[in-house]
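Visitor: I am new to this structure. Please take me through one part of it closely, and keep the sentences short.

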Amino acid sequence: MQLDLKEIFTVGMVLFAVIDIVGSIPIIVDLRKKHGQIESEKASLVAGIIMLVFLFIGEGFLKIVGIDVHSFAVAGSFVLFFLALEMILGIRIYRDEEASSASIVPIAFPLIAGAGTMTTLLSLRSQFHTINIVISIILNIIIVYVVLKSSAKIEKLLGQNGLGIIRKTFGIVLLAIAVKLFAANVKGLFV
């Protein structure tokens with residue numbers, strides 16, 4: 001076990017950027033209007049469980065289907081790249097179907113623990129110690145819970161412009177992470 005505050009901070013920031021819970025506040029507010037009360041505890045807990053399970057069995061699952069971690073990480077860098085483009089340019093590349101309930105689907109999955117988060121977790125696992133990733137997941141789930149619980153207040157406080165600035169800033173950070181992830185893992189494809 002190697003606890004490293006720098007790793008926890010780095011992984012935490014990567015997950016925070018990928019989950020983009022602050023940038024998702026307009027979606028959360030809209031879902032609250034459509035479906036009534038959102039169960040913040042349930043959504044946060046389910047998202048955390050999904051992320052932790054995938055962190056531990058995701059690599060084994062990949063081996064079963066014959067994919068190595070470097071290939072998955074390179075593919076993940078492309079997913080992160082497109083997520084970053086969505087955040088920076090304010091466009092939607094991936095469109096999801098309309099949900100019928102709000103707490104588990106689409107908030108816990110795929111909004112919080114979606115494809116981008118899963119890809120990121122496995123990619124991070126190839127570069128960071130597992131204990132630091134677990135701690136970062138827990139810290140992010142706490143942040144997710146707080147944001148879900150107080151999404152209406154945060155929306156009023158930041159306004160649309162403030163949310164847009166935060167989303168674009170984290171988009172640029174995510175774009176840089178995608179490039180770094182690609183560069184670190186592309187060599188492993190040819191070994």
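Guide: Here is a close look at the core and the helices around it. The model is predicted.

Start with the largest nonpolar core, which has 43 residues. Among these, Ile 21, Met 51, Ile 112, Ile 133, Ile 137 and Leu 148 touch the most other members. Two or more residues each come from α1, α2, α3, α4 (69-89), α5, α6, α7 and α8. As a general matter, nonpolar side chains in soluble globular proteins tend to be buried together.

Take Ile 133 from that group. Ile 133 sits in helix α7. Is Ile 133 buried or exposed? Its relative accessible area is 0%, so Ile 133 counts as buried. Leave out residues up to four places away in sequence, and Ile 133 touches Val 11, Leu 55, Leu 121, Leu 124, Arg 125 and Phe 128. Val 11 is 122 residues from Ile 133 in sequence. In space, the two are 6.3 Å apart, C-alpha to C-alpha.

Ile 133 also takes part in the contact between α6 and α7. There, Leu 121, Leu 124 and Arg 125 in α6 meet Thr 130, Ile 133 and Ile 137 in α7. By class, the residues of this contact are four nonpolar, one polar and one charged. The axes of α6 and α7 come within 10 Å and cross at roughly 150 degrees. The two helices are therefore roughly antiparallel. Their crossing is right-handed.

Now turn to Ile 112. This residue is one of the buried residues of helix α5 (residues 103-112). The others are Ser 103, Pro 106, Ile 107 and Ala 108. Together, the buried residues of α5 pack against α1 (5-19), α2, α3 (40-64), α6 (115-125) and α7 (130-149). Setting aside neighbours within four places in sequence, Ile 112 contacts Ile 19, Ile 21, Ala 47, Met 51, Ile 107, Thr 117, Ile 141, Val 144 and Leu 148. Ile 21, Met 51 and Leu 148 were named earlier, among the core residues that touch the most other members.

Last comes α2 (residues 25-35), which packs with α8 (residues 151-186). Their axes are 10 Å apart, at an angle of about 130 degrees. That angle makes α2 oblique to α8. α2 passes α8 in a left-handed crossing. Ile 25, Pro 26, Ile 28, Val 29 and Arg 32 in α2 meet Ser 151, Ala 152, Ile 154, Glu 155 and Leu 163 in α8. This contact has seven nonpolar, one polar and two charged residues.

Technical notes
Residues are numbered from 1 along each chain as its sequence is written. This is a predicted model: local features need pLDDT of at least 70, side-chain atom pairs count only at pLDDT 80 or more; totals for chains, interfaces and linings use all residues. Side-chain values use heavy atoms; hydrogens and water are left out. Axes are lines fitted to C-alpha atoms, for helices over the stretch in contact, and angles run from 0 to 180 degrees between N-to-C directions. Helices (H or I, at least four residues) and strands (E, at least two) are DSSP runs, numbered from the N terminus. Angles under 35 degrees count as roughly parallel, over 145 as roughly antiparallel, 65 to 115 as roughly perpendicular and the rest as oblique. A crossing is left-handed if the near helix is turned anticlockwise from the far one by less than a right angle, and right-handed if clockwise. Contact means heavy atoms within 4.5 Å. Ala, Val, Leu, Ile, Met, Phe, Trp, Tyr, Cys and Pro count as nonpolar, Asp, Glu, Lys and Arg as charged, and the others, Gly among them, as polar. Buried means under 20% relative accessible area, exposed over 50%, partly exposed in between (1.4 Å probe, protein chains only). A nonpolar core is a set of buried Ala, Val, Leu, Ile, Met, Phe, Trp, Tyr and Cys residues joined through side-chain atoms within 4.5 Å.
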